[in-house]
Each structure stands twice: as C-alpha cells, then as structure tokens.
Amino acid sequence: MQQTASHALDRVLVLEMVRVTEAAAIAASTLVGRGDEKAADAAAVEAMRDALNKLYLDGTVVIGEGERDEAPMLYIGEKVGAAQGKGPAIDIALDPLEGTTICAKAGPNALAVLAVAEKGGLLNAPDVYMDKIAVGPGYPEGVIDLNKSPTENVHAIAAAKGVQPHEIIACVLDRPRHEKLIAELRDVGCGVVLIGDGDVAGVIATTDPETTIDVYMGQGGAPEGVLACAALRCVGGQFKGRLIFRNDDERQRARKWGIEDLDKIYDLTELAKGDCIFAATGVTDGSLLEGVKRFATKMTTESVVMRAHSGTVRWVKGEHRL
C-alpha cells in the first residue's frame with residue numbers, strides 16, 4: 001500500500017533532502033570559477049538525480065530542467081526515487097544549480113535548491129517569466145499588490161513597517177528589463193540591492209532581517225517563483241506572481257500544463273500549498289548560506305531545510321571526508 005506524503009514528509013524526508021542538495025552543491029563546486037555554465041549545471045543535475053534515486057519515495061518532477069525533449073535528466077514529468085508505486089507519492093520542484101552564471105564566474109549566492117510537497121501541492125509552472133513581488137513575515141495580509149505601482153507598494157510597506165519610504169530596501173535582478181523599475185524605486189528614495197542572478201535567494205532574503213532587504217520586485221523565472229514560495233510557506237511572508245508570456249509558443253506551453261487563466265495573479269498558497277519541505281545548500285558564499293569549502297582532508301557545506309507544517313527551520317553544517 002502506497003504511503004501518503006503527509007505521513008512521511010517529516011519522518012523520512014526532511015533531513016534526507018539536505019543530502020540531496022549537498023550532493024548537487026558539492027558536484028557543482030568543482031566547477032566554480034571555471035567559466036563553463038553548462039558543465040557546472042550538468043554536474044549538479046547528475047548528482048541530484050543520483051541522490052534522489054537512492055531515497056525511498058515515489059517522486060515526480062513537476063519543476064525541473066525543462067521538458068523531456070530539452071533535458072535528458074530531471075525533466076518535467078520524470079519519475080525519481082527507489083520506491084515507485086510503494087513509497088510516499090510526492091511532487092518535486094528543483095533547481096540543481098540556481099545561478100549557473102554565478103557559479104561559472106565564482107560570484108555570490110549560487111545554490112542547490114529543492115522543494116517537495118504532497119501530490120498536487122506545487123504549481124506546474126511553465127518555463128516562462130513571472131512578475132514577482134515578495135515580503136517577509138510580520139506584515140498585514142494584502143500589503144503587496146501586483147496591480148499597484150512599485151511606488152504604491154513601497155509606500156504601503158513603509159506604512160506597515162512604521163518607517164518612511166526612503167528607509168525601504170528593495171532587491172531587484174540587475175537586468176535591462178528592470179531599468180524603469182529601478183529608476184522608479186530610486187525616485188521614491190528606496191534603496192535598491194541589485195543581484196546578478198539567483199532570485200530564489202533574493203526572495204528568501206526578505207525573511208531575514210540581517211539582510212536589511214524589505215521587498216523583492218521584478219521579473220524572474222516562474223519555476224524559481226514556485227521554489228521561493230515553498231520556502232516562504234515554511235517561514236512566513238507574502239508573495240504575488242503573474243506569468244508573463246512573450247509569444248504564442250509560451251502561451252501554448254502554459255496550457256499544456258493546465259494553465260487556462262493566463263492573466264491570473266497567484267498568491268503564495270496557490271503556488272505552494274499543503275505541507276511542503278524546502279532545502280538549499282550553498283555552492284558559493286552568499287547572504288543565505290556559505291558555499292562549499294575544500295581543505296586538505298575534508299569539505300564543508302552549509303544548508304538550510306524548512307518544513308511548512310511545523311514551521312521548523314534547521315541549519316545544517318556538513319563535514320565530508322575526502
């Protein structure tokens with residue numbers, strides 16, 4: 001008889017997920033600064049797939065490296081786990097190397113990221129852009145709104161926090177498409193932290209007061225939006241997302257995965273619902289996690305793993321013998 005995920009997520013999978021992201025991070029770390037994005041990603045993918053297939057679970061990749069024809073491993077729809085038809089049936093969203101360019105250039109915040117949920121708990125988001133806005137916990141519900149301008153959102157966040165708009169810090173991907181957004185934020189007096197890549201880490205940064213980041217804004221990948229929402233479900237916060245389609249091919253891809261309302265604004269619990277687990281291991285040093293460190297006889301890793309049902313956040317320091 002197949003187990004249900006709700007009975008197995010905590011007992012079996014919480015710390016096992018760290019083993020999976022550790023394996024991917026360690027594999028990618030061998031290519032940090034080597035300038036080869038594809039090789040680093042391929043190493044992380046292979047290591048993550050191998051680690052997942054050793055676990056007693058019946059997993060389906062709902063967010064992965066792409067569709068089957070585009071991705072030889074960890075493609076959307078791929079079955080993973082050593083207990084197909086017997087173990088807990090779960091959906092898996094993953095990014096074996098979030099920040100491939102970061103890794104290739106030895107920049108900050110490259111991560112190996114994974115989220116698991118009960119069957120149907122994670123949106124099958126197509127690989128398109130998504131308009132995003134996110135804040136951490138402690139704000140009144142509805143403080144952010146994608147139908148409002150960046151200026152209006154900054155004023156709302158500032159009022160809820162009890163500060164002036166010029167005291168708000170926003171995190172934005174450093175892309176040409178964000179020139180108007182960045183200019184508007186600076187016109188309000190808002191501080192802008194620009195990141196080169198890795199918007200999962202950017203969204204999660206809003207939950208940590210030590211980063212000083214209050215809000216994440218801008219367009220990034222829709223799959224990364226789902227991963228970030230799995231983390232926010234565990235630690236608190238708010239997220240709004242709207243899929244952006246550039247052509248008919250992208251609209252058809254969305255319909256293929258069951259998305260009919262192409263203008264819908266998704267809330268946090270619509271992207272990641274039910275019980276879920278989020279895990280990440282640092283590949284390079286960043287605001288969230290330290291990267292993989294290599295010494296004469298060992299390697300060290302730093303990971304975080306969270307569970308929505310219990311609200312538990314565990315920070316895991318790993319020491320691995322060479």
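**Exercise 1. Is L74 buried or exposed, and what is unusual about its backbone?**

Step 1. With a relative accessible area of 0%, L74 is buried, where buried means under 20% relative accessible area, exposed over 50%, and partly exposed in between (1.4 Å probe, protein chains only).

Step 2. A word on the model and numbering before we go on: this is a predicted model, so local features need pLDDT of at least 70 and side-chain atom pairs count only at pLDDT 80 or more, while totals for chains, interfaces and linings use all residues. Residues are numbered from 1 along each chain as its sequence is written, and side-chain values use heavy atoms, with hydrogens and water left out.

Step 3. Now the backbone: L74 is not a glycine, yet its phi is positive, at about 55 degrees.

Step 4. To place it, L74 sits in the loop between β1 and β2; helices (H or I, at least four residues) and strands (E, at least two) are DSSP runs, numbered from the N terminus.

Step 5. T212, also not a glycine, has a positive phi of about 65 degrees, and T212 belongs to the loop between α6 (199-204) and β8 (215-221).

**Exercise 2. Find where the UniProt feature "binding site" is placed, and describe the surroundings of its residues.**

Step 1. The unreviewed UniProt entry puts this feature at D41 and E65. UniProt positions are given in the numbering used here, feature names are shortened, and annotations may be inferred rather than shown by experiment.

Step 2. D41 and E65 span 25 residues in sequence, yet no two of their C-alpha atoms are more than 9.6 Å apart, so they gather at one spot.

Step 3. Both D41 and E65 are included in the lining of the largest pocket. On a 1 Å grid over the protein atoms alone, a pocket is an open set of points where a 1.4 Å probe fits, with protein on both sides within 12 Å along at least five of seven lines; lining residues have an atom within 4 Å of a point.

Step 4. Take D41 by itself: it is found in helix α2 and is buried, at 17% relative accessible area. Not counting residues up to four places away in sequence, D41 touches E65, L97 and T100, contact meaning heavy atoms within 4.5 Å.

Step 5. E65 lies in the loop between β1 and β2 and counts as partly exposed, at 25% relative accessibility. Leaving aside neighbours within four places in sequence, the contacts of E65 include D41, V45 and L74, the residue from Exercise 1.

**Exercise 3. How many salt bridges does a search of the whole structure find, and which parts of the chain do R49 and E78 link?**

Step 1. The search gives 18 salt bridges, each a side-chain nitrogen of Lys or Arg within 4 Å of a carboxyl oxygen of Asp or Glu.

Step 2. R49 and E78 pair at 2.5 Å, N to O. Their bridge links distant parts of the chain, 29 residues apart: R49 in helix α2 (residues 37-52) and E78 in the loop between β1 (58-63) and β2 (79-80). R49 is partly exposed at 29%, whereas E78 is buried at 3%.

Step 3. For R242 and D131, the closest N and O atoms are 3.9 Å apart. This pair joins strand β9 (residues 238-244) to strand β5 (residues 129-135), across 111 residues, and both R242 and D131 are buried.

Step 4. R251 and D248 form a salt bridge at 3.0 Å. They are 3 residues apart in helix α8 (residues 248-256), so about one helical turn separates them.
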